[in-house]
Amino acid sequence: MSVKDRMAKMKGILGTGGEKQGLEPIATAEPLKPTLPKMGTQTAPGGMLAFRSQLQQHEATVKSLEERLAQFADGVRTIKLSPILIDESKWANRHSSSFDTAAFDKFKDEIAHASGNIQPILVRPIGARYEVVFGHRRFTACKQLGLPVLAMIMEMSDEELFTLMDRENRERVDLTPYEQGEMWRKAIDEGLFSSARQLASHVGVSNMYVGQCLAVARLPEFVLSLFANPTEIQVRWAKVLNEALQSDPEALKDRALKIGALRKSLPSAKIFAMLVSDEHAEKKPATTSIKHDGKIIGKITRGSEGEVSLVVKPGYLSEDAFVKLQQSLSGLIGK
């Protein structure tokens with residue numbers, strides 16, 4: 001049973017009646033202090049046997065924490081917290097667009113009708129404030145409505161918090177590669193894990209999948225900003241875009257600059273197509289020199305719209321010869 005399912009099952013045990021707004025606890029037991037095994041840096045070469053061992057270790061870690069949640073269900077205290085005392089987790093990966101949908105508006109209406117969240121969120125204490133472990137949608141809905149947030153409090157380390165959040169996030173059916181990659185990117189950049197390989201070992205997923213999600217999240221800002229919603233960027237797009245960055249970064253920047261003014265009216269698939277092709281780029285005029293007796297006496301130019309122009313230096317061709325040359329080039333017009 002997942003942590004989220006466990007929390008839902010605990011809902012009937014914890015209860016929600018009789019609380020006042022503010023910080024009045026429903027139960028007074030001490031916060032649960034789970035202890036997870038510390039993960040060392042992986043030095044052995046990859047392989048199926050090693051990966052299986054890493055996966056089993058991760059599953060054992062999560063199972064241990066879930067058992068503690070069940071064991072101490074009666075002792076975990078829930079309180080009504082003012083949303084101004086709660087911060088989003090630094091590992092949070094929900095894109096802001098997920099809170100600007102009809103589905104979230106409906107969800108918020110349900111929270112408002114119930115005068116708050118019925119299923120408590122999980123937070124950890126950080127000094128005089130609290131950090132969301134999971135339940136970001138419930139927290140955001142209550143915050144926007146100005147309602148107190150029903151929460152359970154557990155003390156935990158960054159590693160323990162990350163383990164719970166990552167497990168819950170990957171159970172979401174709507175999680176995108178960008179959102180998952182952004183969470184993992186932050187964990188590596190913040191120093192929680194020394195490498196993508198160590199992170200993959202800790203969360204129990206393949207190095208390839210971690211790499212694919214990181215490839216989306218680590219796209220440069222000038223690329224990400226072109227998309228109205230970066231959650232629409234596909235893994236295969238990121239692969240092609242990163243290859244373009246390696247082969248000709250300046251060309252990709254030029255394309256992005258040209259797309260910039262149009263991006264709001266373009267779907268994501270079109271933006272990707274324009275980024276990796278030259279179709280939208282301004283075509284330079286093609287010029288062919290005209291020679292006579294080994295000397296350049298003029299030029300023929302085809303413009304970006306297909307128009308053809310003829311320029312010849314004075315004194316080299318008679319009027320009749322110039323007309324005949326024009327007629328011989330007439331077949332190029334419109335081609």
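Student: What makes Asp 100, Asp 105, Asp 109 and Glu 110 a negative surface patch?

Tutor: Asp and Glu count as negative, and a patch is made of residues with over 30% relative accessible area and no salt bridge (a side-chain nitrogen of Lys or Arg within 4 Å of a carboxyl oxygen of Asp or Glu), like charges being joined within 9 Å; Asp 100, Asp 105, Asp 109 and Glu 110 form such a patch. This is a predicted model, in which local features need pLDDT of at least 70 and side-chain atom pairs count only at pLDDT 80 or more, while totals for chains, interfaces and linings use all residues. Residues are numbered from 1 along each chain as its sequence is written, and side-chain values use heavy atoms, with hydrogens and water left out.

Student: Why is Glu 110 called partly exposed?

Tutor: Buried means under 20% relative accessible area and exposed means over 50%, with partly exposed in between (1.4 Å probe, protein chains only); Glu 110 has 46% relative accessibility, so the residue counts as partly exposed. Glu 110 lies in helix H3, residues 102-113, where a helix is a DSSP run of H or I with at least four residues and a strand is a run of E with at least two, numbered from the N terminus.

Student: Why does Met 152 count as buried?

Tutor: Met 152 has a relative accessibility of 1%, and therefore counts as buried. Met 152 belongs to strand S5, residues 149-153, and its C-alpha is 4.9 Å from that of Leu 122, although the two are 30 residues apart in sequence.

Student: How much of the chain is buried?

Tutor: Of the 335 residues in the chain, 42% are buried.

How values were computed:
Patches are made of residues with over 30% relative accessible area and no salt bridge: like charges are joined within 9 Å, nonpolar side chains (Val, Leu, Ile, Met, Phe, Trp, Tyr) within 5 Å. Accessible areas come from the Shrake-Rupley method with a 1.4 Å probe; for residues, only the protein chains shown count as cover. The place of a charge is taken as NZ of Lys, CZ of Arg, CG of Asp or CD of Glu.
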